Amino acid sequence: MSELAIIFDGSFEGFLCTIYAYYYDKVTPLYIQTDSSRQQALGVEEYYVATDYDKAVRVQSGIRNKISSQAEDYLVYAFLSCSSFSENNNHNCYLDMFHYVILGFKVGKSVDNHLQKDCVLSVHKQARAVAREAHLLSGFCRFAETKQKLFYCSISPIHNVLSILAEHFQDRMMNQAWIIHDKKRNKAAIYDGHQYVIEDVPKNIRDVKLDYDDKEELIQSLWGTFFDSVSIKERTNKSLQRNNLPLHFRKSMVEFNRI
């Protein structure tokens, strides 16, 4: 087997194809990087893995059937964490995921019990961070109604949780059209009342002024008044508040930023 720096397109399917390349092309990666984060190391040959959806399906099916569906979930969530750091890939979380899968194919569904392995700990840590942030945002997302009867929500999460939130709100706001705008990554989940798509948002319209519905300002004012009235000033605990409601969530919340 040759030792190379594997480059893939940054998609989850592309990552799965790196697993396929290990078994069928005999490629052992020293690094795994995306096109957008590639940093060529001196003396290390690069090997580009093209995304092949048939190969990706085969690998994902193998993970589900030969390891476990739980391991598949860990991998999907960990990938969302890895893609959050694609511009500053100091830790090679893609490589941790890679070794997690290889170990899983060796030991089967017991892979998640091998916590003495750095790759298992890393994948679990990444997956938990994504799951926690997605869970918090599912409660802290604030939608505002526009005159076009479209509900708009902006977020700036640490991790790439947009797809998880889109699935969540598709079930809970199925009869309303909405947009969840990830300003940090210039992406938006757009739901038309039937299905959602995730699209890139041009940077030049990231801060566009929305035309809110006439009653939206009143609704936000009433909610703000309620928020202020139920708080007990003498029992304010800023440290606990920051633990339960991270500061980076607040810039998109009505309670702290009213139109």
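## The main core

In this predicted model, the largest nonpolar core holds 36 residues. Phe-15, Leu-16, Leu-75, Tyr-94, Met-97, Phe-98 and Tyr-100 have the most contacts inside this core. Two strands and five helices each give two or more residues to the core: strand 1 (2-8), strand 2 (27-34), helix 1 (12-24), helix 2 (53-67), helix 3 (69-82), helix 4 (93-107) and helix 5 (118-140). Helix 4 gives the most, with nine residues. In soluble globular proteins, nonpolar side chains tend to be buried together.

Take Leu-75 as an example. Which residues is Leu-75 in contact with, leaving aside its neighbours within four places in sequence? The list is Phe-12, Phe-15, Leu-16, Ile-63, Met-97, Tyr-100 and Val-101.

## A second core

There is also a second core, separate from the largest one. This second core has 24 residues. Among them are Ala-134, Cys-153, Ala-166 and Met-173.

## Helix 2 against helix 3

Two packed helices are described by the angle between their axes and the distance between the axes. For helix 2 and helix 3, the angle is about 135 degrees and the axes lie 6 Å apart. The pair is therefore oblique.

Helix 2 brings Gln-60, Ile-63, Arg-64 and Ile-67 to the contact. Helix 3 brings Ser-69, Ala-71, Glu-72 and Leu-75. By type, the residues of this contact are four nonpolar, two polar and two charged. Leu-75 thus appears here and also in the list of residues with the most contacts inside the largest core.

## Strand 6 and its partner

Is strand 6 (residues 178-182) buried or exposed? Five of its five residues are buried, so strand 6 is largely enclosed by the rest of the structure. Trp-178, Ile-180 and Asp-182 point one way from the strand. Ile-179 and His-181 point the other way. Both sets are buried.

Strand 5 (residues 151-155) pairs with strand 6 in the parallel sense, over five bridges. Within this part of the model, Ser-154 has His-181 of strand 6 as its bridge partner.

## The hairpin of strands 7 and 8

Strand 7 (residues 187-191) and strand 8 (residues 196-200) pair in the antiparallel sense. Five bridges join the two strands. Tyr-191 stands opposite Tyr-196 of strand 8.

How many residues lie between the strands of this hairpin? There are four. In this hairpin, Gly-193 takes a positive phi near 100 degrees.

Notes: Residues numbered from 1 in each chain as written. Predicted model: local features only at pLDDT ≥ 70, side-chain atom pairs only at ≥ 80, totals over all residues. Heavy atoms only, no water. Pairing = 2+ DSSP bridges. Core = buried A, V, L, I, M, F, W, Y, C linked by side-chain atoms within 4.5 Å. Buried < 20%, exposed > 50% of the residue type's maximum accessible area, 1.4 Å probe, protein only. Contact = heavy atoms within 4.5 Å. Axes fitted to C-alpha atoms, helices over the stretch in contact; angles between N-to-C directions. Parallel < 35°, antiparallel > 145°, perpendicular 65-115°, else oblique. Nonpolar A, V, L, I, M, F, W, Y, C, P; charged D, E, K, R; others polar.
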